[in-house]
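Please walk me through this structure. Start with how the chains are arranged, then turn to the DNA.

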Number of protein chains: 2
Amino acid sequence: MSETYRLVKTIRLAFRLARLRRMADKAAPDSSRRSERSRRAIFDAALALVGEVGYDKLTIEGIASRAGVGKQTIYRWWPSKAAVLLDAFTVGVEDYSAQGLPDTGDLAADLKAVLHATVDEFNDPAFQAPYRALAAAGANDEELSRTFVARLMEPGTRVYTDRLRAAQEAGEIADGVDLRIAAEMMLSPFSQRWLMRTGELTYDFVDTLVDQVLRGLRPRD
Amino acid sequence: MSETYRLVKTIRLAFRLARLRRMADKAAPDSSRRSERSRRAIFDAALALVGEVGYDKLTIEGIASRAGVGKQTIYRWWPSKAAVLLDAFTVGVEDYSAQGLPDTGDLAADLKAVLHATVDEFNDPAFQAPYRALAAAGANDEELSRTFVARLMEPGTRVYTDRLRAAQEAGEIADGVDLRIAAEMMLSPFSQRWLMRTGELTYDFVDTLVDQVLRGLRPRD
DNA sequence: AGCGAAACGAGACGAGGCGTCTCGTTCGGA
DNA sequence: TCCGAACGAGACGCCTCGTCTCGTTTCGCT
């Protein structure tokens with residue numbers, strides 16, 4: 001019995017060492033040989049499943065089997081289900097922030113127009129499940145949240161600060177206003193309401209919000 | 001074999017029915033016989049463990065063993081680890097929102113004073129882990145988030161709207177301003193920065209935020 | 001004070017997902 | 001053309017889940 005125990009212990013140790021060695025090698029699979037077909041199938045499966053069963057019951061096994069893919073293919077390329085979902089979601093959104101906000105010269109109207117579209121987007125069930133899941137996972141996982149913010153939220157905020165800067169240069173916004181904070185005054189109440197369900201996301205809400213924020217930004221005469 | 005299978009199936013069915021019946025009965029354990037000692041031990045264990053291992057690795061088994069309590073005692077009274085944590089956390093915070101915001105007549109100073117204290121609180125590691133965990137769990141669990149918001153966030157927001165209303169009645173804030181949205185303009189950028197780690201929580205930040213929000217609320221001459 | 005029922009601590013149990021490890025098979029780059 | 005790496009499939013041991021079953025303790029009622 002003691003003999004067996006020692007053997008088991010030795011084997012375990014060997015495994016642990018092998019694992020450390022592998023982490024040092026950093027695996028490094030050859031991405032030029034990667035199957036694009038599997039990659040897409042995994043994204044589709046992940047997005048579909050998170051909508052159907054929710055994030056907590058989303059499993060790597062489930063994604064693999066739905067995608068018709070071996071589990072190892074997922075483990076080879078992603079460290080966690082959150083990472084899979086982040087990539088899957090990013091693919092579907094990546095071209096979004098390319099063009100920036102419209103600039104018709106009417107700041108309030110431009111902001112309202114874009115935020116109306118965003119209201120619709122955030123009220124779309126297909127969009128909600130993965131985005132909520134990622135935001136939640138990010139709250140507990142600092143590493144993930146850094147990527148999440150850098151890849152999805154930061155670009156979104158930037159188009160607003162850019163538009164506000166244009167308005168400031170046109171004299172519609174007072175000098176000395178902190179544009180980053182101004183953007184947060186508009187966007188954070190929006191995200192907060194949605195994420196924590198503290199209120200409805202309606203056109204009326206964003207209209208009042210935009211007006212009330214801009215009221216404080218205009219130059220005093 | 002077919003015989004055995006049928007037997008197993010019958011047993012399973014019986015279990016399922018029993019479960020449904022129990023759910024219909026809604027369990028309804030007798031709360032007058034509940035052990036206060038176990039309840040406190042579970043709260044202490046849950047808060048300690050979530051700080052040590054994080055929410056994802058927090059397990060009911062872990063809480064039970066740390067608290068010196070049977071697993072069933074937890075499952076009897078709470079539906080999930082999130083619910084345990086919510087109760088545990090609420091006990092530690094419940095007297096907080098009783099007294100309302102100070103009213104020295106200087107609105108900006110009052111708001112900054114309270115928000116400085118809140119900055120310190122949200123930068124405290126002992127506070128972070130359970131609060132983050134609950135916010136994240138709430139994002140995916142609508143039922144939980146309703147309780148979370150009603151029990152912790154809504155009372156917190158209300159003290160701000162109350163103080164703003166007093167200021168409005170004193171003529172420091174223009175009529176027609178939506179005070180709920182005004183409060184969100186101050187609080188949401190704060191929570192958002194903290195939860196999603198989109199920025200630092202500093203005294204400077206909240207000072208600028210308060211000034212920039214109040215700037216828009218004052219009556220026009 | 002004594003009884004009975006219900007909650008309790010402890011832990012066994014089957015289910016199912018984890019992450020790792022084979023297998024052959026397929027497919028892309030030299 | 002051929003070598004090797006990535007692939008689909010799935011077996012494996014491990015772990016935690018939520019339920020169920022023991023005796024034991026504790027509380028409310030009589």
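**Two copies and an axis**

This model is predicted. Turn chain B by 179 degrees, shift it 0.1 Å along the rotation axis, and it superposes on chain A with an RMSD of 0.2 Å. The two copies are therefore related as by a two-fold rotation axis. Both copies use the same surface: 100% of the contact residues of chain B recur in chain A. Which residue of chain B comes closest to the rotation axis? That is Gly216(B), whose C-alpha lies at 1.6 Å.

**Where the chains touch**

Now look at the contact between the chains. Chain A gives 35 residues, and chain B gives 35 residues. On the side of chain B that touches chain A, four helices of chain B give two or more residues: H7 (125-140), H8 (142-169), H9 (179-196) and H10 (203-217). H9(B) has the largest share, with ten residues. By class, this side of chain B has 16 nonpolar, eleven polar and eight charged residues.

**Around the DNA**

Next, find DNA strand C. There are 23 residues around it. Those that come nearest are Thr59(A), Pro29(B), Asp30(B), Gly70(B) and Thr73(B). Which elements give two or more residues to the surface near DNA strand C? In chain A they are helix H1 (2-25), helix H3 (60-67) and helix H4 (71-77). In chain B, helix H4 (71-77) does so. H4(B) makes the largest share of this surface, four residues. The surface near DNA strand C divides into six nonpolar, nine polar and eight charged residues.

Key. Residues are numbered from 1 along each chain as its sequence is written. Chains are lettered from A and ligands numbered from 1 in the order in which they are written. This is a predicted model: local features need pLDDT of at least 70, side-chain atom pairs count only at pLDDT 80 or more; totals for chains, interfaces and linings use all residues. Copies are superposed by least squares on the C-alpha atoms of residues with pLDDT of at least 70 in both. Two residues are in contact if their C-beta atoms, placed from the backbone, lie within 7 Å. A residue is near a molecule or strand if its C-beta atom, placed from the backbone, lies within 6 Å of it. Ala, Val, Leu, Ile, Met, Phe, Trp, Tyr, Cys and Pro count as nonpolar, Asp, Glu, Lys and Arg as charged, and the others, Gly among them, as polar.
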